[in-house]
Amino acid sequence: MTPTERHPTGHHGTAPATGPPARAARPPVAITSAAAARRHVRSFVGERWRSPAGPPTEEAMIDLLLVVSELVTNAVRHGGGIAGFDVTLTPEGARLSVRDYSAAVPVGLHGPGALPRVHEGSGYGWPLINRLSREVDVERRTAGGKTISVLVPLA
C-alpha cells in the first residue's frame, strides 16, 4: 500500500452532489480540543447552511457534533495530536477533515458501523463515526500522518 492510498470505509455509493458547489471553509482555525471543534462546527453550520428544507434538525446536529467529538478525540488519543481540522458544506451535509500525526489507519476496527461485542480497551468512536457518516475516507499523507474525511448528512 502506498502512503497516499485511500482506505474507504463506511457508507458509499452516494450520488454526485447537485445544486451549488461546496461552500469553502473559513481560513484554518486552531482546533486543540473536541469542545473547540464542536463550537466551531456549530457556529459554521449555523452561519452558512442554506437548504430548501431549512436548518438542520436537532438530531442531525447532534449526530454531526458527535462525529466531530469522536474524530478530534481519536486524533488526540491515537494520532499524536491534531495537525489540522477543516469543515466545508455540501448540498448533502458537512464534510469534516481531521489530520493527525500517526500513519496508523483504523480500517477494520469492528467493521463499518458494527459496535464491538465487548469493550476491549478501545471505545465506540470509530463504529459511531462509520454509522453516522455517509462517507468515510482515510488517506495517509506523504509528509506523515493521515487525514480522515467524513460527510455527515444534514439534509
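Accessible areas here come from the Shrake-Rupley method with a 1.4 Å probe. Keep in mind that this is a predicted model. Let's work through it together.

**Exercise 1.** Find how much area the protein exposes, and what share carbon and sulfur atoms supply.

*Solution.* Start with the total: the protein exposes about 8300 Å². Then take the share: carbon and sulfur atoms supply 55% of that area. Now turn to the inside: of the 155 residues, 41% are buried, where buried means under 20% relative accessible area.

**Exercise 2.** List the order of the elements from the N terminus on.

*Solution.* First count them: there are three helices and five strands. Next, read along the chain, and the order is β-α-α-β-β-α-β-β.

**Exercise 3.** Check whether the span of helix α2 agrees with its 21 residues.

*Solution.* Step one: α2 covers residues 58–78. Step two: the expected span is 1.5 Å times one less than the number of residues, so 21 residues should span 30 Å. Step three: the end C-alpha atoms are 30 Å apart, which agrees.

Which elements do the buried residues of α2 pack against? Those residues include Ala60, Leu64, Val68 and Leu71, and the buried residues of α2 pack against α1, β2, β3, α3 and β5. Just after the helix, Gly80 has a positive phi of about 80 degrees.

**Exercise 4.** Describe how β4 and β5 are joined.

*Solution.* Begin with direction: the two strands run antiparallel, with six bridges between them. Pick one bridge: Glu139 is partnered by Thr147 in β5. Finally, look at the hairpin: five residues lie between the strands, and Gly144 takes a positive phi near 110 degrees.

Terms used. Residues numbered from 1 in each chain as written. Predicted model: local features only at pLDDT ≥ 70, side-chain atom pairs only at ≥ 80, totals over all residues. Heavy atoms only, no water. Helix = DSSP H or I, 4+ residues; strand = E, 2+ residues; numbered from the N terminus. Buried < 20%, exposed > 50% of the residue type's maximum accessible area, 1.4 Å probe, protein only. Contact = heavy atoms within 4.5 Å. Pairing = 2+ DSSP bridges.
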